[in-house]
Amino acid sequence: MHDDRSLVEARLRRVLDERLRPAVYPESVPLDVAVWHAPDEPVPVAEGLAAEPEPIAVGARWGAPWGTSWFRVTGTVPEAWAGKTVEALLDLGFDENMPGFQCEGLVYRPDGTPVKGLNPRNQWVRIGAPVEGGEEVRLHIEAASNPVILDYHPFLPTRLGDKETAGAEPQYRLARMDLAVLDETVWQLVIDLEVLGELMAELPVESARRWEILRAVEKALDAIDLQDVNGTAAQARVRLETVLSEPAVPSAHRISAIGHAHIDSAWLWPLRETVRKVARTTSNMTALLDDEPEFVFAMSQAQQWAWVRDHRPEVWARVKKAVADGRFVPAGGMWVESDTNMPGSEAMARQFVHGKRFFLDEFGVENEEAWLPDTFGFAAGLPQIIKAAGSKWLLTQKISWSQTNKFPHHTFRWEGIDGTRIFTHFPPVDTYNCSMKGSEIAHAARNFKDKGAARHSLAPTGWGDGGGGTTREMIAKAARLRDLEGSATVAWETPKEFFTKAEAEYPEPPVWVGELYLELHRATLTSQAKTKQGNRRSEHLLREAELWAATAAVRTGFPYPYEELDRIWKTVLLHQFHDILPGSSIAWVHREARRTYERLADELNGIIDAAQRALAGEGARELLFNSAPHGRAGVAAGGAGTAVVEGRTTVTERPGGGHVLDNGILHVEVDARGLAVSVYDIEADRETIAPGRAGNLLQLHPDFPNMWDAWDVDEFYRNTVTDLTDVDELAPEGHGVRIVRTFGGSRVTQVLSLAPGERRLLVDTEVDWHETEKFLKLAFPLDVHAERYASETQFGHFHRPTHTNTSWEAAKFEACNHRFVHLEEPGWGVAIVNDSTYGHDVTRTVRTDADRGTTTTVRVSLLRAPRFPDPETDQGVHHFRHALVPGAGIGDAVREGWRINLPERVVPGAEEVAPLVTVDQDAVVVTAVKLADDGSGDVVVRFHEAHGGRARATLTAGFEVAGVTATDLLERPWADAPALRREGNEVSLRLRPFELVTLRFTRA
């Protein structure tokens, strides 16, 4: 037989495009359209419905950036259409290639009942099936003219990302607004041919199945009269019945499809628009669930569920019913799909506390999976947190984006820093926006790394990022792929059903130990510095507020601010979403975030001040309140008393220029360039700075990644560097020296100081930043030979190599730490601690002089200046605090990291305040002291082993204890907790390395 494959395939494409798809709606009549443009922000539904619109014609331009327009469409179903299926086709000017990224709408009936959402891949509204003819049609559309930020030429700087700079130019042109007859037979034929055509293209040319499909398609095309498609579609479908009914082979890969609409809680749109995106998507999905009995839809992010409840009660009622039916599934058990690299220990725990509790309170549903398809890598402390929240599975897809190394598994157990293992799945379909295309299904089957041992994978199915969800076309394709020869099989299942089957068939999967590092989007550890500082500061203010409010409540009857703290926590958690905290959202999002963090800081400082004053009482004695988990200046952790400061610091001129700082512990030389050329540990008789090098070196790199500007820094940025060594001013100031530099359009003011009695060189940096596409680093070249270094992460720290032996190590050229990084040789180490930065890099060289020592350079990432999606990223004044701590063990790094993030508070009062809880083991760090969330008055204490070794510890409560229970993160009794021994107010226990424990004390 001659090879006419290409001929038939080309014929199929043209017939679909030019004859079949247009014939889906063979008859149509125009609707009358009128519009009212809301003058500013979105208005309540009742106001939009009541507004008096003006006529608008198809083809007219509409919609200023970020505006809201209320369209009213009216018409009459022709009498001649009686008995037919009729739909309204409402095209606001969509580009079908941009679902979720442009204008959208929510359709209402005149009484305000929401019908469904409109987006580029979902433009229809069912009027009747069948209609009687003569029905009056009246619909209202709340249309959002969200501008296109990520266009066909991506990453171009744009002012459209903020309402304040976007202008008023209309963004869209009104397209089709019709009533139309739906020919379901033609629609089904289109799906038949799409499925077969897509499957055929994925099969080997030499396979018999491909040719069987080709011949069946050819016969179906022969049966279609192109001048009478609607009259001949049925007989074309008959010719496809046999080829569509052939069952899959027994060994076929099995795909669990789950309806999905990944909705970024903010990204290329502000938070207020996400509220509406969620309403549109959930309206669509509840309607689709009514029409499709086998379909199941899952939605994560408790915050988004709360938005529906609070802003769209009519939609919420439909959602609650679908949840009760088991078909609209709460997923993930987190407040939002957060970043997991940068959130602190308690914040990461509270993501699960607030997320899981919401689903339990609203629906009685307990999530067992963490659902993070789009998060930019996963910190090594996360498995323990997932388990402590009562969950046991993790799903993500993002690691498939890694540029350098292909991750070796799709299903595996992920082991965290404490040894906890979590059953984890990466969908081999390599997208969280699966649309059931044949290429996607075939890719999932081919790509699955665990063939032979397992055969199940998951496919999150539906348009996402900007929402939209699953379409009826996707469901129709999945129905044909349920059991089709040549394809993986597809079945709609809940996340729990998938994970239960996957774990049962693969009880001993391979294990991956340590962080799940994404070899992409590394610059998200630095972009939008003020957002990151707001997060870090809020986390520590919340610690202080809970600690002192709980202490005051127990000691003085101070009213514990349950509702305020709950609301503030949820706001902080929302802003940890994986496009807000990482700095990859539009300018509007980060402008609002800065204002939000300022407001939260005011509220939290008010709570802290009120609680501390209640504890201090009336008096003039200066009391230092120590919020850190370690003693400071003679004041116990969690207590208040008189500070004790010993020693003195001298500041003298240095021969050759500069100054010498000395406090008897460290001897620091700052040269005429304002660089630390010597940081000498007097007791250890040891120099910290590598020979011939200088610390506190600011370095400036060009920073123009190949794509994803705010997200990425590409390794070639290192090829060009400018050392900022010119000095405008250099003068002693207090216990240190003040340095001023200017470069480009920017100015840096630093104060290097050495306080009496302290083993740390404090570096205060103020940058008035006005660069573009530049990367600013702060370097410390250390005279330390270390093959690995420690970075703090949630509830512990994680080691990374300093070398680049393999491509895996080389790819980690920018990494995350929380409050510290630490390097050491046996017996002596160095820590660099910070109050608000996350990104860093560590490199090593061996010196070639007679010394032949090793220089290990730690560089802190301070600022970037990408132009997309926010063209003014980081412009303005920034403040950073870092400290270099010579002679530091890991315990010193932990202590100093907490200290720099929790500065002293001095309050006038009468009496010292004893801690509410004390711990007798320095390696055991208390991360939270609070009252139980249920309002019982119980005291909850969360702590972990922080040094990476085993520890025995005794916790002593500073109040009378009636009982103590080890709990999970949700403060429920937990069987997996360590054994406790209680004697009176003391509780003793043993902890594994990095073990996390939560204790609930019942007060007598």
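**Core packing, a helix pair and a buried aspartate**

In this predicted model, Phe328 contacts ten residues beyond its neighbours within four places in sequence: Thr282, Met285, Thr286, Leu289, Phe297, Met299, Trp305, Val319, Ala322 and Val323. Phe328 also belongs to the largest nonpolar core, which holds 231 residues. Within that core, Phe328 is one of the residues that touch the most other members. The others are Phe71, Leu90, Trp305, Phe943 and Phe1001. Trp305 thus appears twice, as a contact of Phe328 and among these highly connected members. Another core lies apart from the largest one and has 42 residues. Its members include Val767, Leu776, Leu778 and Val858. In soluble globular proteins, nonpolar side chains tend to be buried together.

Two helices were examined as a pair. Helix α10 spans residues 345–363, and helix α16 spans residues 562–574. Their axes come within 10 Å and cross at roughly 110°. Angles of 65 to 115 degrees count as roughly perpendicular, so α10 and α16 are roughly perpendicular to each other. From α10, the residues Glu346, Ala347, Arg350, Gln351 and His354 take part in the contact. They meet Asp566, Trp569, Lys570 and Leu573 of α16. By class, this contact has four charged, three nonpolar and two polar residues.

A charged residue was also examined in a strand. Asp681 lies in strand β28, which covers residues 676–681. The relative accessible area of Asp681 is 1%. Buried means under 20%, so Asp681 is buried. Leaving aside neighbours within four places in sequence, Asp681 contacts Ile665, Leu666, Arg686, Arg759, Trp828, Pro886 and Gly887.

Notes: Residues numbered from 1 in each chain as written. Predicted model: local features only at pLDDT ≥ 70, side-chain atom pairs only at ≥ 80, totals over all residues. Heavy atoms only, no water. Core = buried A, V, L, I, M, F, W, Y, C linked by side-chain atoms within 4.5 Å. Buried < 20%, exposed > 50% of the residue type's maximum accessible area, 1.4 Å probe, protein only. Contact = heavy atoms within 4.5 Å. Axes fitted to C-alpha atoms, helices over the stretch in contact; angles between N-to-C directions. Helix = DSSP H or I, 4+ residues; strand = E, 2+ residues; numbered from the N terminus. Parallel < 35°, antiparallel > 145°, perpendicular 65-115°, else oblique. Nonpolar A, V, L, I, M, F, W, Y, C, P; charged D, E, K, R; others polar.
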